[in-house]
Amino acid sequence: MTVVFEKTRGLTDAQTHYCPGCTHGIVHRLVAESLEELGVLDNAIGVAPVGCSVLAYNYFNCDMHEAAHGRAPAVATGIKRIHPDKFVFTYQGDGDLASIGTAEIVHAAHRGEKISTIFINNAIYGMTGGQMAPTTLVGQKATTAPYGRDEAHCGRPLRIAEMLATIHGAKFVERVAVNNPANVRKAKQAIKKCFQFQLEGKGFGIVEVLSACPTNWGYTPVEALKWLEENMIPYYPLGNFRNPEEVE
Amino acid sequence: MAKVLMKGNEAIGAAAIKAGCKYFFGYPITPQSELPEYMSRELPKIGGCFLQAESEIAAINMVYGAAGAGARVMTSSSSPGISLKQEGISYIAGAELPCVIVNIMRGGPGLGSIQPSQTDYFQATRGGGNGDYKLVVLAPANIQELVDLIIEGFDIADQYRNPVMILGDGMIGQMMEPIEFKEPKKRNLPPKDWATTGTGGKRKPNIINSLYLAAEALEEHNKRLQAKYKEITENEVKVESYNLEDADVVIAAYGTTSRIAKTAIAALEKEGYKVGLIRPITLWPYPYDEFNKISDKCKGILTVEMNSGQMVDDVKIAVNGRFPVHFFGRTGGMIPTPNQIAERVKEIYGGEK
Amino acid sequence: MAKAKGKVTFNEDICKGCGLCVSVCPMKIISLDLDTINAKGYHPATVKEMDKCIGCASCATMCPDVVITVERITE
């Protein structure tokens, strides 16, 4: 018998506080596996956001900073600029990155900071109890959009991958989903590729991961992934939006 | 060593580099923009990194990252920009990280004016950001002192793992005076084994954090912080004073205002008035004990500030009712004149010498 | 072609009973054990017909809590 799947050294022994079926757990694992497989775990410094994954600093088995809400790309910039030889990544949710932190992520991309960002898009604010996010879909209900998101009132959801792909310094921009095993495997490939680009000194990279929030969407974990597939993927198309090989 | 004539804002940069600081994250704002400009020219020459951040908020968070990763790092701004930094400063203080933050004060509140003021005394000494924390606040009165305090400030920050604020004003930033670089007093600086430098597979991960979800843990953390602040209070007070034993009126003033006060005192002395001076150099920890040296014959303390009355509160705390405390201030970027100060002293005298 | 056989081990104490593994197993051999409640208060996932496991690791791929270790043998 050969072991074909076991827990990576990139995760600590801490049991996560995430809800049953929360896809943070899957993405944490993909990030941790990628760090280990690329041989950078011992050289890595991660920056945790404010949101459900605020305690990510307890789960990744590397040096970690807790950042203020939205500021992770600036914190990562400070770290990478003084330690250019280390691997620096941020892990952020949609409130952190797409709301309060839009200036920081745009400018990290704009300056071409050689960091990697994992962006968890679950179309809602999880930790604070299910409020609307910039990524909440039109018609989707949230505690601060009890009648469903109204486009006339507060616009359509923000497509971060497409937006950042217009920035020259954003050399790797890809959107993936973790709603089934095939997509999870593709997500890992994208994350690993994004991390590889940092190691090659190519510039800023981001992987937007369409994720589920069963608790605040009001679904079982299995139903939530179905909702993701039927509603989020049509609005947030999967694929690579920017790739250093295409860019000059 | 020959002295060099330097503009205050640039002297700050030169002093920081002398102290081994190679990283600066900042943003333009009058009257301190010459400092980021200086750093943008000089840091690449020594293999350091200057970055103009997208905002003062981003800049303080870059400082937070770099400080947590073990570097000597500085940021600067002026009053409205320092307001933006308050969140980041609270995080830095809570995570117990060293750094130097320079505030070249201008008129306020809000967008205010671009002329000098001392209007952020409360912000610097009473928090500004959320939570129970203290910054070591250093207030130079001339460019040489500015240079000395910055060099020592990096050591203070490292020794206590605490942010240090240099509180200047537009005059300090813009004026030119001759300076020389001196060796600071030797301090035992602990190694930064808490910094995020990558585990190397040789140690457990270091975590830079100010979040303690368990209230008991946060209370313990706060007790540790308070113990540290007590230690700083016992060891780091700096103050200049004179004529306290003989004075009928004592002026309390800091920064450039103290220089104007000194001119007023010299003029009053010629007219036979006996006036003393207390010039706090550390605004936190505040030199409360210095006020005990004032003799009982004193008729009153005149606090002079370029604001509506902020340090005057600390003077009242210091004298604890022993003397009447008076206040004279100019706001909006207006600068008091020696004559205006002298007239107020005479009023306190009540016409008698 | 040799038939791949697999074996999965569930760390039942840390399973949160989310059911994602149940839904993705192509052999439909995973179920939540309704007769057991683990220390966290969940019904942990379990396999009753291990001889049908093909070691595809789809379950482990979807598990958010790294509950599952997968082994494979080819004969």
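The questions and answers below cover the chains, one sheet and one interface of a predicted model.

Residues are numbered from 1 along each chain as its sequence is written, and chains are lettered from A and ligands numbered from 1 in the order in which they are written. In this predicted model local features need pLDDT of at least 70 and side-chain atom pairs count only at pLDDT 80 or more, while totals for chains, interfaces and linings use all residues.

User: What ipTM and pTM does the predictor give the complex?
Analyst: The values come from the predictor and apply to the complex. The ipTM is 0.94 and the pTM is 0.92.

User: What is the mean pLDDT of chain C?
Analyst: pLDDT is the predictor's confidence in each residue, from 0 to 100. In chain C, 93% of the residues reach 70 or more. The mean pLDDT of chain C is 93.

User: In what order do the elements of chain C run from the N terminus on?
Analyst: Helices (H or I, at least four residues) and strands (E, at least two) are DSSP runs, numbered from the N terminus. Chain C has 2 helices and 4 strands. Their order is β-α-β-β-α-β.

User: What is the radius of gyration of chain C?
Analyst: The radius is taken over C-alpha atoms, and the globule rule is 2.2 Å times the number of residues to the power 0.38. For 75 residues the rule gives 11 Å, close to the value of chain C, so chain C is as compact as a globular protein of that length. Its C-alpha atoms fill a box of roughly 45 × 20 × 20 Å along the principal axes. The radius of gyration of chain C is 12 Å.

User: What percentage of the residues of chain A is buried?
Analyst: A residue is buried if 20 or more other C-beta atoms lie within 10 Å of its own, exposed if 12 or fewer, and partly exposed in between, with C-beta atoms placed from the backbone. Chain A has 9 helices and 8 strands. Its radius of gyration of 17 Å agrees with the value near 18 Å of a compact globule with 248 residues. Of the 248 residues in chain A, the buried ones make up 60%.

User: Which chains share the most contacts?
Analyst: Two residues are in contact if their C-beta atoms, placed from the backbone, lie within 7 Å. No contact joins chain B and chain C, whose closest C-alpha atoms lie 20 Å apart. Of the 2 pairs of chains in contact, the one with the most contacts is chains A and B.

User: Which element supplies the largest share of the side of chain A that touches chain B?
Analyst: The contact takes 28 residues from chain A and 33 residues from chain B. On the side of chain A, β2 (44-48), β3 (63-66), α2 (72-82) and α4 (102-110) each supply at least two residues. The largest share, 8 residues, comes from α2(A).

User: Which residue of β9(B) stands opposite A:M64?
Analyst: Two strands pair if DSSP finds at least two bridges between them. β3(A) and strand β9 (residues 207-208) of chain B pair in the parallel sense over 2 bridges. Opposite A:M64 stands B:I207.

User: Which are the edge strands of the open sheet in chain B?
Analyst: The sheet has 7 strands in the order β3-β2-β4-β5-β7-β6-β13, with mixed pairing. Each edge strand pairs on one side only. They are β3 (49-52) and β13 (282-284) of chain B.

User: How many residues of β7(B) are buried?
Analyst: β7(B) pairs in the parallel sense with strand β5 (residues 99-105) over 7 bridges and with strand β6 (residues 136-138) over 3 bridges. On one side B:P163, B:M165, B:L167 and B:D169 are buried, and on the other B:V164, B:I166 and B:G168. The strand is largely enclosed by the rest of the structure, because the buried residues number 7 of the 7.

User: Which residue of β7(B) is the bridge partner of B:L138?
Analyst: On the β5 side, B:V100 stands opposite B:V164, and B:N103 has B:L167 as its bridge partner. For B:L138 the bridge partner is B:I166.

User: Is B:P28 buried, partly exposed or exposed?
Analyst: B:P28 lies in the loop between β2 (23-26) and α2 (34-42) of chain B. Leaving aside neighbours within four places in sequence, B:P28 is in contact with B:S33 and B:P36. Because it has 15 C-beta neighbours inside 10 Å, B:P28 counts as partly exposed.
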